[in-house]
Amino acid sequence: MQQVKMVKDNGIALVTIGTPKSIYLTAQTGDELDAVTREIESDQSVRAVVFTGGSPGVFIQHYSVQELVSIAEQLRASGIRFDERSEPQSFSLDRACGRVETMPKPAIAAINGNCMGGGLEFALCCDIRIAEDGPYQLGLPEVTVGILPGGGGTQRLPRVLGMARALEFMLLGRRVTPREAAAFGLVNELAQGKALERAMEVAGQLASQSPRAMAHIKRLARSAMQTPLDEGLRLERNLFMDLMTTDWAIDAMKAYVKGLEEQK
């Protein structure tokens, strides 16, 4: 059964993950997300993307523990050992997460329910996270089953929450409500109604902006923490001047100036 579905309309790609009968991340989900994000990245008609869960009350429950057990037993039986010097393993879900993070189009996670483990790790890759209120949880509880967040959580959560709060979440396997997530800054917004409705509204605003400006802003902001300040400022100035010379920017700035003059 297909785990990931996509609909494109008015410059927005809506991606639904999972089904009422399949709420966990699996290798199949990762493969389908890899393919879908690759298509979105290359489709010039798509200007923004929204990801949401396909089951009521669930964004993504977490990665299938049953599948992890199977993988673990196969690895142990093979005699393979891993340490800091081992060649990193690459999975389709990792590629999808990286693509969401680096593609020049803004991505929104419309969190409509439980968002745990790999589900939260996927949401952390998105540029904006919008959650709806409700009796569900968000968190990285991997430590409670003897593992760690292996889908980027140890690296991305500190960048969102700060080191101290991220360590608290991961070392304790802490789970929070949507309102607590909003208070901590784990999500950008707690929607008044359905997360998907609000996310589509925001996506519409993003899709109406200059795609080139969206791409430049995302690139600069995403690289800011890893780039020396002087280098980042130099790139920012160059990309600023690049945008200024576009028809989109010149026409928009002229329209703004005209509007100010008409108000006098």
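Buried here means under 20% relative accessible area, so Glu101, with 19%, counts as buried. Keep that cut-off in mind as you look around this model, which is a predicted one. A good place to start is the open sheet of six strands, and after that come the helices and the charged pairs, of which 18 are salt bridges.

**The sheet**
- The six strands run in the order 1-2-3-5-7-10, and their pairing is mixed.
- At the edges sit strand 1 (4–9) and strand 10 (189–191), each of which pairs on one side only.
- On average, neighbouring strands of this sheet are turned by 20° against each other, if you ignore direction.

**Strand 3, inside the sheet**
- Six of the six residues of strand 3 (residues 48–53) are buried, so the rest of the structure largely encloses this strand.
- In a regular strand, side chains alternate between the two faces of the sheet.
- You can follow that here: Ala48, Val50 and Thr52 point one way, while Val49, Phe51 and Gly53 point the other way, and all are buried.
- Strand 2 (residues 12–17) pairs with strand 3 in the parallel sense, over six bridges.
- To get from strand 2 to strand 3, the chain passes through helix 1, and this β-α-β crossover is right-handed.
- Two bridge pairs to look for are Ala13 with Val49 and Ile17 with Gly53.
- Strand 3 also pairs with strand 5 (residues 107–111), again in the parallel sense, over four bridges.
- In that pairing, Val50 stands opposite Ile108 of strand 5.

**Helix 1 and a buried charge**
- Glu32 has its place in helix 1 (residues 27–42).
- Glu32 is buried but has no salt bridge, and the nearest side chain of opposite charge, Lys5, is 8.9 Å away.
- Leaving aside residues up to four places away in sequence, Glu32 touches Met1, Gln2, Gln3 and Val4.

**Helix 5 and its neighbours**
- The buried residues in helix 5 (residues 153–161) are Gly153, Arg156, Leu157, Pro158 and Leu161.
- These residues pack against helix 3 (92–102), helix 4 (118–125), helix 6 (163–172) and helix 7 (178–184).
- Right after helix 5 comes Gly162, which has a positive phi, near 95°.

**Salt bridges**
- Glu101 and Arg222 form a salt bridge, with their closest N and O atoms 3.4 Å apart.
- Glu101 is in helix 3 and Arg222 in helix 9 (residues 211–223), so this pair ties together parts that are 121 residues apart in sequence.
- Unlike buried Glu101, Arg222 has 31% relative accessibility and so counts as partly exposed.
- Arg212 forms a salt bridge with Asp242, and here the closest N and O atoms are 2.7 Å apart.
- This pair links helix 9, home of Arg212, with helix 10 (residues 229–244), home of Asp242, so parts 30 residues apart in sequence are tied together.
- Both partners are partly exposed: Arg212 has a relative accessible area of 42%, and Asp242 has 21%.
- Some salt bridges share partners, and these join Asp34, Arg38, Glu41, Arg95 and Arg99 into one network.
- Asp83 forms a salt bridge with Arg85, with the closest N and O atoms 3.3 Å apart.
- In this pair, Asp83 is partly exposed at 42% relative accessibility, whereas Arg85 is exposed at 73%.

Terms used: Residues numbered from 1 in each chain as written. Predicted model: local features only at pLDDT ≥ 70, side-chain atom pairs only at ≥ 80, totals over all residues. Heavy atoms only, no water. Buried < 20%, exposed > 50% of the residue type's maximum accessible area, 1.4 Å probe, protein only. Lys, Arg positive; Asp, Glu negative; His and termini not counted. Salt bridge = Lys/Arg side-chain N within 4 Å of Asp/Glu carboxyl O. Contact = heavy atoms within 4.5 Å. Pairing = 2+ DSSP bridges. Right-handed = clockwise from strand over helix to strand, strands pointing away. Axes fitted to C-alpha atoms, helices over the stretch in contact; angles between N-to-C directions.
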